[in-house]
Amino acid sequence: MATLKQKRTCGQRCEDFGHFVWNSEEGKFMGRTPEKWVYISLYYVAFYVVMTGLFSLAIWVLMYTLCPYAPDYQDRLSSPGVMVWPDIYGEEMVEINYNTSCQKSWMKMSNNLHDFLIPYNETNQAHCNNHNCTKGKYFIQKTYSAPNKTKWVCPFTQSMLGPCSGLEDPTFGYNCSMPCIIIKMNRIISYLPTNDTKTPPYVNCTITEGHENIAHIEYFPEGGKYDLSYFPYYGRKAQPTYVNPLVAVRFHLIGKKSAKLQCRVVSEKIEYQNIHDPYEGKVDFYLKAMK
């Protein structure tokens, strides 16, 4: 019968570990002689220097081939998304509910619009690289002729929204039954919304519920059009002072003063029937004025 292996004490284990760390008989430190430690250290230094160099070269080649002004590959929608302001979201969609007799209620809506329109005021627009653009025509730019190697932008000022600009009426109609909303079409780099320049994209709002509660709908600028001179958009670095063109819509509420609406940006190249993205080409919202 084989004898059982003798159990080693804690002191013996510590002695073995100390012998492993420094073997005075063979002159080894942790199993290797100093000469071998020098060789293996030089090997790993050279290995990581080469790996770092290859990684840096790969990053340099990648950055050299990328365009700094626009992504090489875009996974955005082929049609732009559409947003509405005031952007007061409920559980499922935007719900613009306010009380005309409660100043705090309607000021929440007007303040939301004032904050949104800050980049569009005359003072901020005066500091942009604005250009006198030709209305009704795409502003195609092949060179970076604006200051700091950028491209020019067409100005869009708050006053272009007429009675819904907040300049004539700071309440945007929310202290009564004539509220204004603002429709913005999201940006897509190099996107042209139409195949020709005869019919620019325009906003069309339809009443899906509560037809009897809206007497009249007005659009500003006239016709609710997005002028073609604001297209194409060349990207944030190429046009750092670019602002989206806007369309304001004013509703004349009557009766129960509540309705569900859908505002579409109408153009031959803008889709709006994507069931997977309810904001592509259109936006749905509730509008209700209480008293």
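In this predicted model, a useful place to begin is Asn 97, whose bridge partner in strand 10 is Lys 288. That pair belongs to a wider connection, since strand 4 and strand 10, the latter covering residues 282–290, run parallel and are joined by six bridges. Both strands are part of an open sheet of four strands, arranged in the order 4-10-9-6 and with mixed pairing. At the edges of this sheet stand strand 4 (94–99) and strand 6 (202–209), and because each has a single partner strand, one side of each is left without a neighbour in the sheet. On average, neighbouring strands here are turned by 25 degrees against each other, when direction is ignored.

From there the reader can turn to another open sheet, which also has four strands, in the order 3-5-8-7, but with antiparallel pairing. Its edge strands are strand 3 (82–85) and strand 7 (214–220), each of which pairs on one side only, and the twist from one strand to the next averages 25 degrees. Strand 7 runs antiparallel to strand 8 (residues 246–253), to which six bridges join it, and within strand 8 it is His 252 that stands opposite His 216. Helix 3 (residues 103–116) packs on this sheet, where it touches strand 3, strand 5 (180–185) and strand 8, and its direction makes about 35 degrees with that of strand 5.

The last stop is on the surface, where Tyr 43, Tyr 44, Phe 47, Tyr 48, Val 50, Met 51 and Leu 54 form a nonpolar patch that together has about 740 Å² of accessible area. One of these residues, Tyr 43, has its place in helix 2, which spans residues 34–65.

Methods:
Residues are numbered from 1 along each chain as its sequence is written. This is a predicted model: local features need pLDDT of at least 70, side-chain atom pairs count only at pLDDT 80 or more; totals for chains, interfaces and linings use all residues. Side-chain values use heavy atoms; hydrogens and water are left out. Patches are made of residues with over 30% relative accessible area and no salt bridge: like charges are joined within 9 Å, nonpolar side chains (Val, Leu, Ile, Met, Phe, Trp, Tyr) within 5 Å. Accessible areas come from the Shrake-Rupley method with a 1.4 Å probe; for residues, only the protein chains shown count as cover. A salt bridge is a side-chain nitrogen of Lys or Arg within 4 Å of a carboxyl oxygen of Asp or Glu. Helices (H or I, at least four residues) and strands (E, at least two) are DSSP runs, numbered from the N terminus. Two strands pair if DSSP finds at least two bridges between them. Axes are lines fitted to C-alpha atoms, for helices over the stretch in contact, and angles run from 0 to 180 degrees between N-to-C directions. Contact means heavy atoms within 4.5 Å.
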